[in-house]
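Trainee: I would like a close look at a single part of this protein, namely a loop residue whose backbone is out of the ordinary run. Could you start from that residue and then place it in the wider fold?

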Amino acid sequence: MPVVRAQEESPIDLVGLLPADLVVLTTSLDAEPFRANQLWHWIYHRGVTDFSTMTNLPETFRKKLSERCVVGRPQISQTITAASDFTHKWLMRFPDGKEVETVYIPKDNRGTLCLSSQIGCTLACRFCYTGTQKLTRNLSAAEIVGQVLKVNDVYNCWKHSCCKKILSNVVMMGMGEPLLNYNNVITALKILTNIKGLAVSQRRVTVSTAGVVPMIQLLGKEISCNLSISLHAATDAVRDVLMPINKRYPLAALMAACRGYQAVRNAHRITFEYIMLRGINDSEADARAIVRLVNGLHCKFNLIPFNQWPGAPYACSTADATYRFATILRDSGYAAPIRAARGRDIHAACGQLCSAFFSGSGGSESEREWTVPNVPVSTGLYIQ
Ligand code: SAH
């Protein structure tokens, strides 16, 4: 519940407050509860950040709001667009100077927005560039929702019916582990999917996890979104190396959590993401082990060619190995598309925009375009 703080304290960001909290705040500023609905409309329908233009609110209320609150937005410190497929990637900066990546992948007349949930990551997955960056902090719900609001600003899709087309899907597949920032992610998703606001369908929201077992079932009870598991290995021996979280929550526990999740969310097919790493996890024996592992689960696979980054300890599987792997999964009755690369020329994989080799971020709001250095990049970001 928000408490209206004294003026000299930092202002309250109204973005990130659930409707009930916005009512509490509104009444604590001596306005009638229904004013919270109007505020919500200005924030999430109209994209307005300046209280003075919220013309249907009483002047006294507007004055109090502008003294004590803000409608927050991250700044964009860098923008990059893939010439090949118009995938956009932004480096978003928050007031404390910390930055995350947000990626937009257009497809036909819709688009998927890939949001970050943390600055850096604690999981240290060996194939992941974000894993090389230390966790700085969790994003607040306001900062997660703010990424979406900022993208709507960029495309100027407020007040137009085109808004839905621009943003149809949201995936929590940017930087960080969403289930290690559980409360803020859930709050943000409740706001994004609120029917009176941005109204993203829950069925078009995907939370991806490296396997934070205790939170998987909770997630199923809380929100009806899609679950994606970053699997990436068929055995504990290999997964322990690729994803240290596996030592804490090994495959048997992960699969049990998936079964528990499916018991709650019966209709939901779980997606297993599987990065194809040459000579590491891509043998036919691995594929058969995967089939045994997921026995009884309603699931599909996304086979992802490894997106190589400078200094990465792995290489992408050959097309032949990937095809043979996919065939075993398909012959066992599972959908196993090999994902097409998106944003291959802009390093659209996890954590790469924030990296040191993209140095010199000026941090101006002017959305400085910049050049991709000549590093070996095989593939990009993958979407459904
Ligand atoms: N921590 C969560 C959310 C991050 S999602 C999770 O692990 O699911 C980011 C996705 O991109 C994950 O599936 C991750 O395994 C994958 N990924 C990370 N680095 C990659 C790379 N270099 N090439 C291809 N996929 C990568």
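Mentor: With 15 C-beta neighbours inside 10 Å, Ala124 counts as partly exposed, because that class lies between the 12 or fewer neighbours of an exposed residue and the 20 or more of a buried one. Its place is the loop between strand S7 (118–119) and S8, and its phi is near 55 degrees, a positive value in a residue other than glycine. All of this is read from a predicted model.

A second residue can be set beside Ala124. Asp30 also is not a glycine and has a positive phi, of about 65 degrees, and Asp30 sits in the loop between H1 and H2. Asp30 is exposed, with 12 other C-beta atoms within 10 Å, whereas Ala124 is partly exposed.

The two helices on either side of the Asp30 loop pack against each other: helix H1 (residues 19–28) and helix H2 (residues 34–46) meet at an angle of about 120 degrees, and their axes are 8 Å apart. That angle makes H1 oblique to H2, and H1 passes H2 in a right-handed crossing. On the H1 side the contact is made by Pro19, Leu22, Val23 and Thr26, and on the H2 side by Arg35, Ala36, Leu39 and Trp40; by class, these residues of the contact divide into six nonpolar, one polar and one charged.

Returning to the strands that flank the Ala124 loop, the next residue to consider is Leu139, which lies in the loop between S8 and H4. Leu139 counts as buried, since 29 C-beta neighbours fall inside 10 Å. The C-alpha atoms of Leu139 and Ile119 are separated by 6.7 Å, although the two residues are 20 apart along the chain. Not counting residues up to four places away in sequence, Leu139 touches Val100, Ser116, Ser117, Gln118, Ile119, Ile144, Asn181 and Asn184.

One of those partners, Asn184, leads to helix H6 (residues 182–192), whose buried residues are Asn184, Val185, Ile186, Ala188, Leu189, Ile191 and Leu192. What covers the buried residues of H6 includes strand S8 (137–138), helix H4 (141–154), strand S9 (169–172), S10 and helix H7 (213–222).

Strand S10 also leads to the ligand. The ligand is surrounded by 16 residues, the closest being Met173, Ser208, Ala210, Ser230 and Asn307, and the elements that give two or more residues to this shell are strand S10 (205–209) and strand S12 (270–276). The shell divides into ten nonpolar, four polar and two charged residues.

A further buried position is Leu303, in strand S13 (residues 299–305), which has 22 other C-beta atoms within 10 Å and therefore counts as buried. Leaving aside neighbours within four places in sequence, Leu303 is in contact with Tyr274, Met276, Thr322, Phe325, Ala326, Ala336, Pro337, Ile338 and Arg339. The C-alpha atoms of Leu303 and Tyr323, 20 residues apart along the chain, are separated by 9.7 Å.

As for the whole protein, there are twelve helices and 13 strands, and 45% of the 384 residues count as buried. Of the contacts with a separation of 6 or more, 70% are between residues 24 or more positions apart.

Key. Residues are numbered from 1 along each chain as its sequence is written. This is a predicted model: local features need pLDDT of at least 70, side-chain atom pairs count only at pLDDT 80 or more; totals for chains, interfaces and linings use all residues. A residue is near a molecule or strand if its C-beta atom, placed from the backbone, lies within 6 Å of it. Helices (H or I, at least four residues) and strands (E, at least two) are DSSP runs, numbered from the N terminus. Ala, Val, Leu, Ile, Met, Phe, Trp, Tyr, Cys and Pro count as nonpolar, Asp, Glu, Lys and Arg as charged, and the others, Gly among them, as polar. Two residues are in contact if their C-beta atoms, placed from the backbone, lie within 7 Å. Axes are lines fitted to C-alpha atoms, for helices over the stretch in contact, and angles run from 0 to 180 degrees between N-to-C directions. Angles under 35 degrees count as roughly parallel, over 145 as roughly antiparallel, 65 to 115 as roughly perpendicular and the rest as oblique. A crossing is left-handed if the near helix is turned anticlockwise from the far one by less than a right angle, and right-handed if clockwise.
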